[in-house]
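Reader: I should be grateful for a close look at a single part of this model. Please describe the surroundings of the ligand and the strands of the sheet region in one connected account.

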Amino acid sequence: MNPRIIIVNGPNLNLLGKREPDIYGNQTFESYFERLQSLFPDVELSCFQSNIEGEIIDQLQAVGFTYNGIILNAAAYTHTSVGIGDAVKAIETPVVEVHLSNTLSREEFRHHSFIAPHAKGVILGFGLQSYELALRSFISE
Ligand code: DQA
């Protein structure tokens with residue numbers, strides 16, 4: 001059976017392509033996601049985005065006992081949300097935390113993650129390619 005993997009994106013990531021392009025680049029997530037799907041035809045790849053903390057938690061719970069992998073960019077909630085960290089801890093599906101930017105080279109408040117201690121691993125700083133690297137980590141197991 002093809003692996004089921006979902007990308008879960010948090011707040012403001014719906015603005016990729018027009019949001020601070022010097023940090024996050026010019027490409028929309030939608031166009032990147034289509035390319036990623038075509039690169040991995042044997043993966044059942046889906047995506048979800050919300051600007052609302054509770055909706056992200058609901059989504060993690062909904063997929064977190066049946067999917068093979070979750071690629072999570074919780075965006076600003078990474079640094080603030082005990083609830084999302086607890087959800088990642090509670091579910092069974094492994095989570096790879098990703099960020100487009102290298103959060104460790106940015107403001108100090110971005111250095112802490114409530115998710116990282118419960119994640120399988122963390123990928124930072126490779127732009128949209130961070131998602132592909134996370135995806136490869138699941139399928140090369
Ligand atoms: C981000 C980094 C976060 O600090 C920031 O709040 C984001 C995007 C990234 O992908 O680089 O919204 O998660």
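Author: The account below begins with the strands and then turns to the ligand. The model is a predicted one.

Strand β1 spans residues 4-9. This strand is mostly covered, as 5 of its 6 residues are buried. Two strands pair with β1. Strand β2, residues 44-49, runs parallel to β1 and is joined to it by 6 bridges. Within this pairing, Val 8 has Phe 48 of β2 as its bridge partner. Strand β3, residues 69-73, also runs parallel to β1, and 5 bridges join these two strands. Here the bridge partner of Ile 7 is Ile 71 in β3.

Asn 73, which falls within the residue range 69-73 of β3, leads to the ligand, for this residue is among those that surround it. A polar side-chain atom of Asn 73 lies 2.8 Å from an oxygen atom of the ligand. The side chain of Arg 19 also takes part: one of its N or O atoms is 3.0 Å from a ligand oxygen atom. Ala 76 contributes through its backbone, with an N or O atom 3.2 Å from an oxygen atom of the ligand. Taken alone, the ligand exposes 320 Å², and the protein buries 99% of that area.

The other residues that surround the ligand are Tyr 24, Ala 75, His 79, His 99, Leu 100, Ser 101, Thr 103 and Arg 110. As for its location, the ligand sits in the largest pocket.

How values were computed:
Residues numbered from 1 in each chain as written. Predicted model: local features only at pLDDT ≥ 70, side-chain atom pairs only at ≥ 80, totals over all residues. Heavy atoms only, no water. Buried < 20%, exposed > 50% of the residue type's maximum accessible area, 1.4 Å probe, protein only. Helix = DSSP H or I, 4+ residues; strand = E, 2+ residues; numbered from the N terminus. Pairing = 2+ DSSP bridges. Near = heavy atom within 4 Å. Polar contact = N/O pair within 3.5 Å; in protein donor to acceptor, adjacent residues only side chain to side chain. Areas by Shrake-Rupley, 256 points an atom, 1.4 Å probe, with all protein chains shown as cover. 1 Å grid on protein atoms, 1.4 Å probe; cavity = no way out; pocket = protein on both sides within 12 Å on 5 of 7 lines; lining within 4 Å. Sits in = over half its atoms within 2 Å of the grid points.
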